[in-house]
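Trainee: I would like to learn how to read a structure that is new to me. Could you take me through it feature by feature?

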Amino acid sequence: MAARLGAITGLRVIELDRLFWRPGLAATPRPDWAELQRDLARGESWIMEGDLGPYDELGVRLAAADTIIVLNFSLPRCAWRALRRSRERADFWRWVIGYRRRSLPLILGQIASHAAEADVRVLTSPRAVRGFLDGISRGGR
C-alpha cells in the first residue's frame, strides 16, 4: 500500500522495518530509533510505513504526521500474508495474534495523544485499501 501511495502522490516512502532492524534481527536502541525518526520526520513530505510493535516509538512520527492510515485486517489475513512473506520469530506471532486486543488500542491512544488533528483512516480490508487508493489517484484525499 505504501509503495502504491508513494507512486500516486510522488512522496518518498520510508520503510521503517529496513531502518530499524540491525543484522541478526537486533533491534535499534530506543533512543537511537526515536532520534532517527525525528530526523526522518523533518523532511517536508513523506510516507512512513511500518509498525514495530513493542519496539516502536510511535509518538515521534505521529506528532509530525498530517494523515495516518491504520490497517486493521483480520487475524487470518495477517497470518496468511506473514506466512507467505517469510519465516518469523515467536515474538512476531505473539504480536500478530494480540494485535487487535493489545496493540491496536495502544496505537489509537497514541494517535489521540500525539496527532489529534491528523486525518485518520482505519482500513479493514484490501477492498477498503483499493477504494482509498483509487480516491487518492482521482485527486481526492
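Mentor: We will go from the overall fold to single residues and then to the aromatic rings. Please keep in mind from the start that this is a predicted model.

Trainee: How many helices and strands does the protein have, and which pattern do they follow along the sequence?

Mentor: A good first step is to list the elements in order. Here there are seven helices and six strands, and reading along the sequence gives the pattern α-β-α-β-β-α-β-α-β-α-α-β-α. The radius of gyration is 15 Å, close to the 14 Å that the globule rule gives for 141 residues, so the protein is as compact as a globular protein of that length. Taken along the principal axes, the box filled by the C-alpha atoms is roughly 40 × 35 × 25 Å.

Trainee: What share of the residues counts as buried, and what can be said about the surface?

Mentor: Burial is read from relative accessible area, with under 20% called buried and over 50% called exposed. Of the 141 residues, 33% count as buried. The protein exposes about 8900 Å², and carbon and sulfur atoms supply 54% of that area. As for charge, there are 23 positive and 16 negative side chains, and the centres of these two sets lie 9 Å apart.

Trainee: How should I read contacts between parts that are distant in sequence?

Mentor: One can ask how far along the chain the partners of a contact are from each other. Among the contacts in this protein with a separation of 6 or more, 67% are between residues 24 or more positions apart. F132, in helix α7 (residues 126-137), is a case to look at in detail. With a relative accessibility of 11%, F132 falls under the 20% limit and therefore counts as buried. Leaving aside residues up to four places away in sequence, F132 touches M1, L5, I69, R121 and L123. One of these partners, I69, is 63 residues from F132 in sequence, while their C-alpha atoms are 9.9 Å apart in space.

Trainee: Is Q37 buried or exposed, and which residues does Q37 touch?

Mentor: Q37 lies in helix α3 (residues 30-41) and counts as buried, because its relative accessibility is 0%. When residues up to four places away in sequence are not counted, the residues that Q37 touches are M48, D56, E57, V60 and R61.

Trainee: Which residues could I look at to see the exposed side of the scale?

Mentor: Two alanines serve well for this. A7, in helix α1 (residues 2-9), is exposed, with a relative accessible area of 66%. The C-alpha atoms of A7 and S137 are 9.5 Å apart, although 130 residues separate the two along the chain. A63 is placed in the loop between α4 and β5 (67-71), and at 53% relative accessibility A63 counts as exposed. Between A63 and D39, which are 24 residues apart along the chain, the C-alpha separation is 13 Å.

Trainee: What is there to notice about the backbone at L25?

Mentor: The general idea is that most residues other than glycine have a negative phi. L25 has a positive phi of about 55° although it is not a glycine. L25 is found in the loop between β2 (21-22) and β3 (26-27), and its relative accessibility of 45% makes it partly exposed.

Trainee: How many aromatic pairs are there, and how do I read their geometry?

Mentor: Two values describe a pair, namely the distance between ring centres and the angle between ring planes. The structure holds seven aromatic pairs. In the pair of F20 and Y55, the centres are 6.0 Å apart and the planes stand at 50°, so the pair is tilted. F20 lies in helix α2 (residues 16-20) and Y55 in the loop between β4 (47-49) and α4 (58-62), so this pair ties together parts that are 35 residues apart in sequence. F20 counts as buried at 0% relative accessibility, whereas Y55, at 29%, counts as partly exposed. For F92 and W93 the centres are 5.3 Å apart and the planes are at 80°, so that pair is edge-to-face, and F92 counts as buried at 18% relative accessibility.

Trainee: Which residues do ring pairs link into a cluster?

Mentor: The cluster linked by ring pairs consists of F20, W21, W33 and Y55.

Methods. Residues are numbered from 1 along each chain as its sequence is written. This is a predicted model: local features need pLDDT of at least 70, side-chain atom pairs count only at pLDDT 80 or more; totals for chains, interfaces and linings use all residues. Side-chain values use heavy atoms; hydrogens and water are left out. Rings of Phe, Tyr and Trp (its six-membered ring) pair if their centres lie within 6.5 Å; planes under 30 degrees apart count as stacked, over 60 as edge-to-face and the rest as tilted. Helices (H or I, at least four residues) and strands (E, at least two) are DSSP runs, numbered from the N terminus. Buried means under 20% relative accessible area, exposed over 50%, partly exposed in between (1.4 Å probe, protein chains only). The radius of gyration is taken over C-alpha atoms; the globule rule is 2.2 Å times the number of residues to the power 0.38. Contact means heavy atoms within 4.5 Å. Accessible areas come from the Shrake-Rupley method with a 1.4 Å probe; for residues, only the protein chains shown count as cover. Lys and Arg count as positive and Asp and Glu as negative; His and the chain ends are not counted. The place of a charge is taken as NZ of Lys, CZ of Arg, CG of Asp or CD of Glu.
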